[in-house]
Structure formats: C-alpha cells, structure tokens
Amino acid sequence: MRKPVIAGNWKMHMTCAEARAYMEVFLPLIKNTPNDRHLVIAPPFTALSTVAEMSHQTALELSSQNVHWEDHGAFTGEVSPKMLLEHNVRYTIVGHSEPRKYFSESDEQINRRAKSAQLNSLIPIVCVGESNEQRERGEAERVIRRQVEQGLEDLILDRLVVAYEPIWAIGTGKTCESKEANRICNLIRQWVGTPDLIIQYGGSVKPENIDELMNMSDIDGVLVGGASLKPESFARISNYLNA
Ligand code: PGA
C-alpha cells in the first residue's frame, strides 16, 4: 500500500509571525483529515522551529527545502541534516527546478544531498521534470529518465519520494493534464522498477484539480507551491476526496 504524501512547499515565503498566523487557521482544518495520507509542510529554514513547535502532537510533518551532504564545514548558506533533525524535520526537498535553474544544481549534487538525507533518517523528496522546450522537442521522457537514474543512484527506494514536476506547470497556473501526469509517474515507476515507490505530481496543484489528480492510479500525492500559502486552500488539498 502506497500512502500518499501531500506536501506544501512555502519557498521563500512566510516570516515566523506569518507562519504562526497560518498555523492557527490551518491546524483546526486538518483535525479530521483521514490518516490514509501524510501531511507535510516545507517552510523556509527560519520558520522551521515555529512550525515544529505549533504542529507538535498533530498529524502535520515537517520538511526542509534543501539539505547539504556534509554534517558541518565551510559551506556558507547551507544546512546539514543534523541541524534539521533538531527541529523534528522528517522530509527534505532536493532537486527542485528552482535551485537547478538558479544555482545550476547538478543531478550528482542532488544525489549527494539525497544520500546524506537518507543516512540521517530524513526522507528525500527528489524532484524531476522537463522544461517546455524539452517537451516541445520530444525530449521529456529522456530528460526525466536521466534525472531519475542519476538522482536516485544508490538510494534506498522505500525511504524516498519522487516528485514529477514539469517545469512549465510550476507557478504558471498551467497544470499538466492529469492523464499525462499519471502516464509519466507510471513510466518513472517502471524505470525505477519498484512498485511501492511513492511518486508525487507537482505544478499548479490547487483545490480545483486535487481530487482528479489524487484519483489517478500512479499519483501518490502532490507537491504544492502557490496553493499551499493560503491555509484554507492547502487544507482543501490536504482533505482531498477519494473516489
Ligand atoms: P506551484 O509550485 O504549485 O506554485 O506550481 C510547485 C512547486 O514548485 O513545487
């Protein structure tokens, strides 16, 4: 049984005060959410302790938005797995298209981050996905397959989430059609060869499309950016309806 993971990625949004106000509205709205799904929020590093404190003894779990492969050292701007564990962080997002694009993150670096996360009992959420140009050139499957093969090398496959996030659908309001998202998630499952692999879809997920996406056979959760910034909308996504 694959237990879906519903994760909100706040990106560079939310001061501690804003996070506190958000949680006050959000937590009551997920009080009765069925426990057939994991609920996760990835705040910026600075708001982790606030969210950790407020979500203590609730169903909400924490993710970071990145993690380094070393325990400590001269790595300005980076955060180690041990620093995250201190804040009760359970998941960590690696390979998101934004650091891939803005900081030229390579699949090799992404793989090192994910391996170090697993060694420290964190669950990496490894993001993969093609750009619009790659899709138009008919290269989507080849690009995703390379990202999967290199990003997942030597990882423990039952302590892992893969997020299929077509770049052209991120923050654009243009969701990938649910059948196409499902087809790619199924391909990823076949390439990896593990039927139990948890595979999320991400890219303009919102209250209006969550039920349809979650009723696809190979989509085991979602990674949500914009629509996770409003507690009411992320609560509706968290409370998706099974068909
Ligand atoms: P979006 O972002 O939901 O705003 O499209 C998704 C993501 O970047 O993970």
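A residue is taken as exposed when its relative accessible area is over 50% and as buried when it is under 20%. By that criterion H72, at 64% relative accessibility, counts as exposed. The structure discussed here is a predicted model. H72 is placed in the loop between β3 (60-64) and α3. The C-alpha atoms of H72 and M83 are separated by 9.2 Å, with the two positions 11 residues apart along the chain taken as their sequence distance.

The protein contains 10 helices and eight strands. Its radius of gyration is 17 Å, close to the 18 Å given by the globule rule for 243 residues, so the protein is as compact as a globular protein of that length. The C-alpha trace spans about 50 × 45 × 30 Å along the principal axes. Of the 243 residues, 55% count as buried. Among contacts with a separation of 6 or more, 73% are accounted for by residues 24 or more positions apart. The exposed area of the protein is about 11500 Å², of which carbon and sulfur atoms supply 51%. The protein carries 26 positive and 32 negative charges, and the mean positions of the two sets are 2 Å apart.

Helix α5 covers residues 107-119. At 1.5 Å a residue, its 13 residues should span 18 Å, and this agrees with the 18 Å found between its end C-alpha atoms. The buried residues of α5 are D107, I110, N111, R113, A114, S116, A117 and Q118. These buried residues pack against three helices and two strands by name: α3 (81-85), α4 (97-102) and α7, together with β4 (89-94) and β5 (123-128). Just after α5, S121 adopts a positive phi of about 65°.

On the other side of α5 in sequence, S104 lies in the loop between α4 and α5. Phi of S104 is also positive, near 50°, in a residue other than glycine. S104 counts as exposed, with a relative accessibility of 58%. A further positive phi, about 55°, occurs at K11, which is not a glycine. K11 belongs to the loop between β1 (5-9) and α1 (16-29).

Helix α10 (residues 231-238) has six of its eight residues buried, so it is largely enclosed by the rest of the structure. The buried positions in α10 are P231, S233, F234, A235, I237 and S238. Their packing partners are β1, α1, β2 (38-42), α9 (210-214) and β8 (221-224). Both β1 and α1, the elements that flank the loop holding K11, thus appear among the partners of the buried residues of α10.

The loop between α7 (140-151) and β6 (161-164) contains D158. D158 counts as exposed because its relative accessibility is 69%, above the 50% cut-off. The C-alpha atoms of D158 and E177 lie 27 Å apart in space, while the two residues are 19 positions apart in sequence. Helix α7, which precedes the loop of D158, is one of the elements against which the buried residues of α5 pack.

Notes. Residues numbered from 1 in each chain as written. Predicted model: local features only at pLDDT ≥ 70, side-chain atom pairs only at ≥ 80, totals over all residues. Heavy atoms only, no water. Helix = DSSP H or I, 4+ residues; strand = E, 2+ residues; numbered from the N terminus. Rg over C-alpha atoms; globule rule 2.2 N^0.38 Å. Buried < 20%, exposed > 50% of the residue type's maximum accessible area, 1.4 Å probe, protein only. Contact = heavy atoms within 4.5 Å. Areas by Shrake-Rupley, 256 points an atom, 1.4 Å probe, with all protein chains shown as cover. Lys, Arg positive; Asp, Glu negative; His and termini not counted. Charge placed at Lys NZ, Arg CZ, Asp CG, Glu CD. Expected span 1.5 Å × (residues − 1).
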